[in-house]
Amino acid sequence: MNITHASFVTLPVADQDRALRFYTEVLGFEVTADLDMPQGRWLQVAPKGAQTVFTLSGPGMGGFEPGTTRGIMLVTTDVDADCARLARAGVSVEGPDDLPWGRMAGFQDPDGNGLMLLTEAAQ
């Protein structure tokens, strides 16, 4: 196998503009694509410099159900600061908790997709 990375992860959303505001204004992601396609808007965001992007898939784009994605792990250098920023933005956060692999917290985007923040334990 010669796989080098994942290209994109689909996050099904009900309202792409609302999701875009959350991912850019709250999480600090950048827009990597915003195109009108025959079947709908192709909207992608990512943390700065990331290889893998997130496709904010709206109605009509693939039949995905908003709020069904779980377990997306976002690595951060400071989970506590990021949790505080999420709380200030009105996002409910579970954790952070100390675990053998690092310090981790969970939250949901406005559509209910489940995401995790992780500051990895020192090796």
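Here a student asks a tutor how the core and pockets of this structure are identified.

Tutor: This is a predicted model, where local features need pLDDT of at least 70, side-chain atom pairs count only at pLDDT 80 or more, and totals for chains, interfaces and linings use all residues. Residues are numbered from 1 along each chain as its sequence is written, and side-chain values use heavy atoms, without hydrogens and water.

Student: Why is a set of residues called a nonpolar core?

Tutor: Because its members are buried Ala, Val, Leu, Ile, Met, Phe, Trp, Tyr and Cys residues joined through side-chain atoms within 4.5 Å. Buried means under 20% relative accessible area (1.4 Å probe, protein chains only). The largest such core has 23 residues; Tyr23, Leu27, Leu56, Leu74 and Phe107 touch the most other members.

Student: Which element gives the largest share of this core?

Tutor: H1, with five residues. Helices are DSSP runs of H or I, at least four residues, and strands are runs of E, at least two, numbered from the N terminus.

Student: What makes Phe22, Leu86 and Phe107 contacts of leucine 27?

Tutor: Contact means heavy atoms within 4.5 Å. Leucine 27 is in contact with these three, leaving aside its neighbours within four places in sequence: Phe22, Leu86 and Phe107.

Student: How are the residues in the lining of the largest pocket divided by class?

Tutor: Twelve are nonpolar, three polar and three charged. Ala, Val, Leu, Ile, Met, Phe, Trp, Tyr, Cys and Pro count as nonpolar, Asp, Glu, Lys and Arg as charged, and the others, Gly among them, as polar.

How values were computed:
Buried < 20%, exposed > 50% of the residue type's maximum accessible area, 1.4 Å probe, protein only.
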